[in-house]
Amino acid sequence: MNNPDFRAGPKARAVVLRDFAQPLALTEFDLPTPPDGGMTVACRYGGICGTDLHLAEGHLDVPLPLVLGHEGLGTVHRLGEGTTTDTVGHPLAVGDTVMWASSIACGSCHACRTLREPTLCAGRRTYGVNRPTTEHPLAGSWADFISLDPGTTVVRVSPETDPLAAMSLACAGPTMVHALWERCPPRAGQTVVVQGSGPVGLAAAALAQLCGAYVIIVGGPPARLKTARAAGIGDRCLEVVSSGDLGGAYEAIAACSDGRGADLVIECTGVPQAVEQGTRMVRRGGSYLIVGQYTDGGNAWFNPHQIVYRQLRVIGSWAFTGAHLIEYMRLLPALTARFDLSGLVTAFPLDQVEQALRQVATGGVIKAVLAT
Ligand SMILES: [Zn+2]
Ligand SMILES: [Zn+2]
């Protein structure tokens, strides 16, 4: 497994989830021939997302065994028959650096065809989530190689782009492009509150800042907010995790908004109780955008009077499509010119996946990636 000539051989190591809540193991697979219209990519980085923790623990109904990893960046190893360009039309050659979207919408269900909402596709195929090794041996990014199917959104990464910066918001960036560009756009001059300071919260804050909003991050712990500030993300950060007391945060938000509350509050915590707190941060007539409740964390108590009294627009946003990844990649130069995104990332060797997951679970790192 530690053979230095490994890449010369026909095998690929991959992190396989065999049983929920059990240690993850590296397994060797034969390197498949790239499918027609697809490609084989040598993974350089596989991102660890909060969703992966839930997958590993069995909180989501997914088929096993499974190679994990739905975010990735790597170099083209072999192009399948008929593959000549990336999804936006750039010529593609072996050795080019690429990123790819985690899922492929079916194109034929009610959401895809009639609602024009491919994020709601009932038949999404998602790398690292619902592609079991029995049918798709290398369909996750926590591996030396990944086999990408035809129909995958693949975007060539320019040589000027720092790969770690691109990986910093690999899943969170496109998720927030969908949420903010389509579901509820922030506007220049608005006061925007972001609840949560993980990758999704920091992506929300950075994109809202790019739009010209004044952004207050409500999150924690202190070290995480310090890293965010060092990266230039958030005009103001309010620490609430260590104290658990939001009284000061409500006051500070009011003080920043002539006593009214935020024009837009974006929930990026994944904690059900945060929704009740968030409704009280929005001004009357404002908007509440809920993005963080991707995994079902259970019920939350809240007072629905707050929604009526404040006449809130409450909006949900689910996942993203390949088009949102393309938009995220297009925004990367603007994002990296303003924010130190690579400073958010900690890289771990592929065979230290357990240590990396522990760091993500305990909040020891903001964004972990596995490096091959
Ligand atoms: Zn993700
Ligand atoms: Zn569909």
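Modeller: The expected span of a helix is 1.5 Å times one less than its number of residues. Keep that in mind for this predicted model.

Colleague: What span does helix H4 reach from its first C-alpha to its last?

Modeller: Helix H4 covers residues 172–183, which gives 12 residues. At 1.5 Å a residue, 16 Å is expected. The model comes close to that, with a reach of 15 Å.

Colleague: How many of the residues of H4 are buried?

Modeller: Buried means under 20% relative accessible area. Among the H4 residues that are buried are Gly173, Met176 and His178. H4 is mostly covered, and the count out of its 12 residues is 9.

Colleague: Which elements help cover the buried residues of H4?

Modeller: Both helices and strands take part. The strands include S14 (262–267) and S15 (282–290). The helices include H5 (199–210) and H10 (322–338).

Colleague: Which residues form the aromatic pair, and where do they lie?

Modeller: The structure holds 1 aromatic pair. Its rings are stacked, 4.3 Å centre to centre with 15 degrees between the planes. One partner sits in the loop between S15 and helix H9 (305–309), the other in the loop between strand S16 (313–316) and H10, 24 residues apart. In that order, they are Tyr294 and Trp318.

Colleague: Why does Tyr294 count as partly exposed?

Modeller: Partly exposed lies between the 20% and 50% cut-offs. Tyr294 falls in that class because its relative accessibility is 31%.

Colleague: What accessible area does the nonpolar surface patch with Tyr294 and Trp318 have?

Modeller: Leu115 and Leu120 belong to this patch as well. Leu120 lies in the loop between helix H2 (110–115) and strand S8 (125–126), and is partly exposed because its relative accessibility is 45%. Together the four residues, Leu115, Leu120, Tyr294 and Trp318, have about 360 Å².

Colleague: Which residue meets Arg13 in a salt bridge?

Modeller: Arg13 is in strand S1 (residues 11–17), and its partner is 131 residues away, in the loop between S8 and strand S9 (145–148). Arg13 is buried, because its relative accessibility is 12%. The partner is buried too, at 2%. The N to O distance is 2.9 Å, and the partner is Asp144.

Colleague: Are Asp258 and Arg260 buried or exposed?

Modeller: Their side chains meet in a salt bridge, 3.4 Å from N to O. Both residues are exposed.

Colleague: How far apart are the closest N and O atoms of Glu276 and Arg280?

Modeller: Glu276 counts as buried because its relative accessibility is 13%. Arg280 is partly exposed, at 36%. Their salt bridge has its closest N and O atoms 2.8 Å apart.

Conventions:
Residues numbered from 1 in each chain as written. Chains lettered and ligands numbered in written order. Predicted model: local features only at pLDDT ≥ 70, side-chain atom pairs only at ≥ 80, totals over all residues. Heavy atoms only, no water. Patch = residues over 30% accessible without salt bridge, like charges linked within 9 Å, V, L, I, M, F, W, Y side chains within 5 Å. Areas by Shrake-Rupley, 256 points an atom, 1.4 Å probe, with all protein chains shown as cover. Helix = DSSP H or I, 4+ residues; strand = E, 2+ residues; numbered from the N terminus. Buried < 20%, exposed > 50% of the residue type's maximum accessible area, 1.4 Å probe, protein only. Contact = heavy atoms within 4.5 Å. Phe/Tyr/Trp six-rings, centres within 6.5 Å; stacked < 30°, edge-to-face > 60°.
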